[in-house]
Amino acid sequence: MLTTRRVNLIFAALMVAMLLSALDQTILGTALPTIVGELDGVNHMLWVATAYILASTVVMPVYGKVGDLIGRKSLFVIALSIFVGGSVIGGFANSMEWLIAGRAIQGLGGGGLMILSQAIIADVIPARDRGKYMGFIGVIFGLSSVAGPLLGGLFTDVLSWRLAFWINVPLGIAAIIAAVAFIKLPKLDLSVRPKIDVAGMITLAIAAAGLVLTASWGGTEYDWDSPVIITMIVVTVVSAVAFVFIERRSSEPVLPMSLFANRNFTLTTLGGLAIGISMFGAIGYMPTFLQIVNSVNATQSGFMLLPMLAGLLVTAIGGGFLVTKTGRYKWMPITGSLIIALALVLFSTMRADTPLWLILGYLTILGLGIGLAMQVLVLIVQNSVPHTMVGTATAGNNFFREIGASLGSAIVGSLFVARLTDQLTSGAASLGASAGQLPTDTNALTPAAINALPAELHSFIVDAYSNALSPVYLVLVPLMLAAALLLCFVKEIPLATTVVQPEG
């Protein structure tokens, strides 16, 4: 039996690893304008973010399955090493090509950090006690969404954007040392050489890449009916069908179809997908909304997301301790989904004259819902499958949530741009001669550009921006109500009170 001190040391190392992975999804967002200017790579700007998200999403199921087959400790150290290596490449990058390569390598490691950390927690902490730990994991996700842009901006404005990479090196090395020194996991029988589902991994990677690129490029880099996007959609569908065909015949499938016969896995995965879509759809444009409508700078808009983090912290940690104390958990994702739906309805009422304190209150409500709903889904999945499938099931649940994050940003972004274009086109006639000063490209509607416009045009665009964005949130409300309904059918299996531990 592991001592409480040993468990806490293991958990600290895992928290550092998860924070590194989560932060790197957002930390370069505010630094990108400076980076592309310094490296002369504005045409490759989108790939800086896409390379990391794409690489990390693709490898999640691979890490989960391989960890179940050969053990997680060595794989965790390898993932950390890959992540640190990618950070070094990014820190030294003198061109956009090298920067993107560093981000992709970071993603190959970062996807493993997220999955293996959550699976290792299941290896060393009983499900009944895991609730309070899962609450802190939820805080990590929420913290990264706020702290990432803030740190990226701070490093860029005060020191250097390269610190966004270099900070990962000492933290990553410390996590590696802690993992080697403190993590002891059950030994697996490796007398029989495990069979790796290479064909399944390749087809899943192609399908995931096609879906992420379609979501990232559709409506932004390319029109939805362009040959590139249509080709991406076709490749995604064909590879997904091929993946299912392969998995049904593989002896060790990377994502077993039998998992979807498990009611709790399927319901919580669908719930996680919905929450991913709604969460990232809701907060993706919120900083820009605050900058344009409330005339604050990028750093201030980042700080204004802190109420969301505060709400998330309260319910994620408090709910986690309640799970550990009572053993009851089914109510949490249902209640959380309904609270998220309420927050989305409130977001849809925002206008240019909505008081800032009210918007911050809406963000707090969103945080309360996310804290209740998000991380407990992983606990439900892990408690509903055999321990030999914990890594695979954890990876599957996270994989679909990441897909949801990409889809959420794409859905809200596409609907918003379409509505904004209509608003600008239909309202331009009322401006008369000054309409000629309106930017013709919605991508040119940056906060700085809008603030530099004459008062009449500034007021017009602020109204158009708020009127275009706010109603889009209503599109996400039925999704969260459907998620709450689906989660009502989760079977509340008693949480296990023991874990299998190795000797010594």
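Trainee: Buried means under 20% relative accessible area, and exposed means over 50%. Is phenylalanine 76 buried or exposed?

Mentor: Phenylalanine 76 is buried, because its relative accessibility is 0% and the cut-off for buried is under 20%. Keep in mind that this is a predicted model.

Trainee: Noted. Where does phenylalanine 76 lie?

Mentor: In helix H4.

Trainee: And how far apart are the C-alpha atoms of phenylalanine 76 and leucine 116?

Mentor: They are separated by 6.2 Å. Along the chain, these two residues are 40 residues apart.

Trainee: Switching to charges. How many salt bridges does a search of the whole structure find?

Mentor: The search finds 4. One of them joins lysine 65 and glutamate 252.

Trainee: How far apart are the closest N and O atoms in that one?

Mentor: 2.9 Å. The pair links distant parts of the chain, with the two positions 187 residues apart in numbering. Lysine 65 is in helix H3, residues 45-70. Glutamate 252 is in the loop between helix H10 (227-247) and helix H11 (263-284).

Trainee: Is lysine 65 buried or exposed?

Mentor: Lysine 65 is buried, at 9% relative accessible area. Its partner, glutamate 252, is partly exposed, at 29%.

Trainee: Next, arginine 72. Which side chain does arginine 72 meet at 2.7 Å, N to O?

Mentor: That of aspartate 68, in a salt bridge. Arginine 72 also meets aspartate 123 in a salt bridge, at 2.8 Å, N to O.

Trainee: Where do aspartate 123 and arginine 72 lie?

Mentor: Aspartate 123 is in helix H5, residues 96-124. Arginine 72 is in the loop between H3 and helix H4 (73-92), so this salt bridge ties together parts that are 51 residues apart in sequence.

Trainee: Which residues are linked in a network of salt bridges?

Mentor: Asp68, Arg72 and Asp123. Arginine 72 is buried at 7% relative accessibility. Aspartate 68 is buried at 13%. Aspartate 123 is buried too, at 4%.

Trainee: Now rings. How many aromatic pairs does the whole-structure search find?

Mentor: It finds 7 aromatic pairs. Take tryptophan 161 and phenylalanine 165. Their ring centres are 6.3 Å apart.

Trainee: Why is that pair edge-to-face?

Mentor: Because the ring planes are at 75 degrees, and planes over 60 degrees apart count as edge-to-face.

Trainee: Are tryptophan 161 and phenylalanine 165 buried or exposed?

Mentor: Tryptophan 161 is buried, with a relative accessible area of 3%. Phenylalanine 165 is also buried, with 1%.

Trainee: What about phenylalanine 260 and phenylalanine 400, what are their distance and angle?

Mentor: Their ring centres are 6.2 Å apart and the planes are at 85 degrees, so this pair is edge-to-face. It links distant parts of the chain, 140 residues apart. Phenylalanine 260 is in the loop between H10 and H11. Phenylalanine 400 is in helix H18, residues 390-427.

Trainee: What are their relative accessibilities?

Mentor: Phenylalanine 260 has 33%, which makes it partly exposed. Phenylalanine 400 has 21% and counts as partly exposed as well.

Trainee: Which residues do ring pairs link into a cluster?

Mentor: Phe260, Phe265, Phe399 and Phe400.

Trainee: What about a charge over a ring? Which ring does the charged end of arginine 249 sit over?

Mentor: The ring of phenylalanine 245. The charged end is 3.9 Å from the ring centre.

Trainee: On to helix packing. At what angle do H11 and H21 pack?

Mentor: About 160 degrees, with the axes 9 Å apart. H21 covers residues 473-487.

Trainee: Why are H11 and H21 roughly antiparallel?

Mentor: Because their angle is about 160 degrees, and angles over 145 count as roughly antiparallel. H11 passes H21 in a left-handed crossing.

Trainee: Last one. Where does threonine 354 lie?

Mentor: In the loop between helix H15 (331-347) and helix H16 (356-373). Threonine 354 is buried, at 10% relative accessibility.

Trainee: How far is threonine 354 from asparagine 294 in space?

Mentor: 9.4 Å, C-alpha to C-alpha. In sequence, the two are 60 residues apart.

Terms used
Residues are numbered from 1 along each chain as its sequence is written. This is a predicted model: local features need pLDDT of at least 70, side-chain atom pairs count only at pLDDT 80 or more; totals for chains, interfaces and linings use all residues. Side-chain values use heavy atoms; hydrogens and water are left out. Helices (H or I, at least four residues) and strands (E, at least two) are DSSP runs, numbered from the N terminus. Buried means under 20% relative accessible area, exposed over 50%, partly exposed in between (1.4 Å probe, protein chains only). Rings of Phe, Tyr and Trp (its six-membered ring) pair if their centres lie within 6.5 Å; planes under 30 degrees apart count as stacked, over 60 as edge-to-face and the rest as tilted. A charge sits over a ring if NZ of Lys or CZ of Arg is within 6 Å of the ring centre and within 35 degrees of the ring normal. Axes are lines fitted to C-alpha atoms, for helices over the stretch in contact, and angles run from 0 to 180 degrees between N-to-C directions. Angles under 35 degrees count as roughly parallel, over 145 as roughly antiparallel, 65 to 115 as roughly perpendicular and the rest as oblique. A crossing is left-handed if the near helix is turned anticlockwise from the far one by less than a right angle, and right-handed if clockwise.
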